[in-house]
Amino acid sequence: MTEDRPHILLVEDEMHLARGICFNLEQEGFRVSHVESGEEALELLAYDRFALIILDVMLPGMDGFSVCEQIRAMDARVPVLILTARANDGDRITGLKSGADDYLTKPFNLNEFLLRVSGMLRRSAWYRPEPVEEAYRFGDNEVFLLSYHARTAQGEIDLTELEVKMLSLFFQREGEAVSRKDILESVWGYTSDTETRTLDNFIVRLRKYFEPNPAQPVYFQTVRGVGYRFARKPARSEE
Ligand code: CA
């Protein structure tokens, strides 16, 4: 279900700072999800879309720059604000090179921080207006790939980058059996055993969104020993 409040992801391992930031952003009317590591952030990003990502550089595990590069590989559009501890030109440049849109040096003034956040959200709305587009229709569903959303029997749904990639692959190859390998390569860019389970979870999710009865899929069908087939007109799976 969509919610009107912009959803912000905060990646910050310093709890007292994170609490302060969350509190103030919520006071400003934003919805905030907070994680303490880059790994957790990337996991969330596979499933959720955010209006803005606030990313600390010094994190346990993967550092903020590497996280930012990975975010960019998944989503070229989401605005990223980097928080750096050092007023160091090298950091600023590394940050911008890794795909961040803006940076703030810690410690920062709260008002400046909030202004920066709302400015970034406003700019991203100007630069990337929701395009008016024709829906791809099947059954009771309308899918808008460019603007990452869908209307289904259950209501409005926001789609993630990976869901959009997977749906466009299925729509392009409508009626064909698409192998697991092809799906993994086009959606994730590589194949591995872990991604295989992720792929099945994605199909489960697509069925929940779009199938009248997810337990007996008629659009996203299993093709035994091969992978999956998308049918625009409902048909039985071979299972
Ligand atoms: Ca930190």
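Visitor: Where is tyrosine 148 found?
Guide: This is a predicted model, and one residue to look at is tyrosine 148, with a positive phi of about 60 degrees although it is not a glycine. Follow the chain past strand β7 (141-144) and stop before β8 (149-152). Tyrosine 148 sits in the loop between β7 and β8.

Visitor: Which peptide bond is cis?
Guide: Head for the loop between β5 and α5, where you'll find proline 107. The bond leading into that proline has an omega near -10 degrees. The cis bond runs from lysine 106 to proline 107.

Visitor: What does lysine 106 form a salt bridge with?
Guide: The partner lies in strand β3, while lysine 106 is in the loop between β5 (102-105) and α5 (110-127), so the pair ties together parts that are 50 residues apart in sequence. The closest N and O atoms are 3.0 Å apart, and the salt-bridge rule allows up to 4 Å. The partner is aspartate 56.

Visitor: Which residues are the protein donors of the calcium ion?
Guide: Along the chain, the donors follow the spacing D-x42-D-x1-M. Two of them give OD atoms and one gives its O, at 2.1 to 2.3 Å from the ion. They are Asp13, Asp56 and Met58.

Visitor: How many residues apart in sequence are the parts tied together by aspartate 13 and methionine 58?
Guide: Aspartate 13 lies in the loop between β1 (7-11) and α1 (15-27). Methionine 58 is in the loop between β3 (52-56) and α3 (64-74), so the pair links parts whose separation in sequence is 45 residues.

Visitor: How far apart do the C-alpha centres of domain 1 and domain 2 lie?
Guide: The domain assignment gives domain 1 as 2-123 and domain 2 as 159-230. Contact between them involves 6 residues of domain 1 and 7 residues of domain 2. Centre to centre, the distance is 30 Å.

Visitor: Which residues in domain 1 lose the most area to domain 2?
Guide: The two domains bury about 600 Å² between them, 50% of it on carbon and sulfur atoms. On the domain 1 side, three residues together make up 68% of what that side buries. Those are Ala46, Tyr47 and Met74.

Visitor: How many salt bridges does the rule find across the interface of domain 1 and domain 2?
Guide: The side of domain 1 that touches domain 2 has 3 nonpolar, no polar and 3 charged residues. Across this interface, 1 residue pair is in polar contact. As for salt bridges between the two domains, the number is 0.

Notes. Residues are numbered from 1 along each chain as its sequence is written. This is a predicted model: local features need pLDDT of at least 70, side-chain atom pairs count only at pLDDT 80 or more; totals for chains, interfaces and linings use all residues. Side-chain values use heavy atoms; hydrogens and water are left out. Domain bounds come from an automatic or database domain assignment. Contact means heavy atoms within 4.5 Å. Buried area is the accessible area (1.4 Å probe) that two parts lose on being put together, summed over both. A salt bridge is a side-chain nitrogen of Lys or Arg within 4 Å of a carboxyl oxygen of Asp or Glu. A polar contact is a pair of N or O atoms within 3.5 Å; within protein, one must be able to donate a hydrogen and the other to accept it, and residues adjacent in sequence count only if both atoms are side-chain atoms. Ala, Val, Leu, Ile, Met, Phe, Trp, Tyr, Cys and Pro count as nonpolar, Asp, Glu, Lys and Arg as charged, and the others, Gly among them, as polar. Donors are N, O and S atoms within 2.8 Å of the metal (3.2 Å for Na, K and Ca); water is not among the atoms, so sites may look incomplete. Helices (H or I, at least four residues) and strands (E, at least two) are DSSP runs, numbered from the N terminus.
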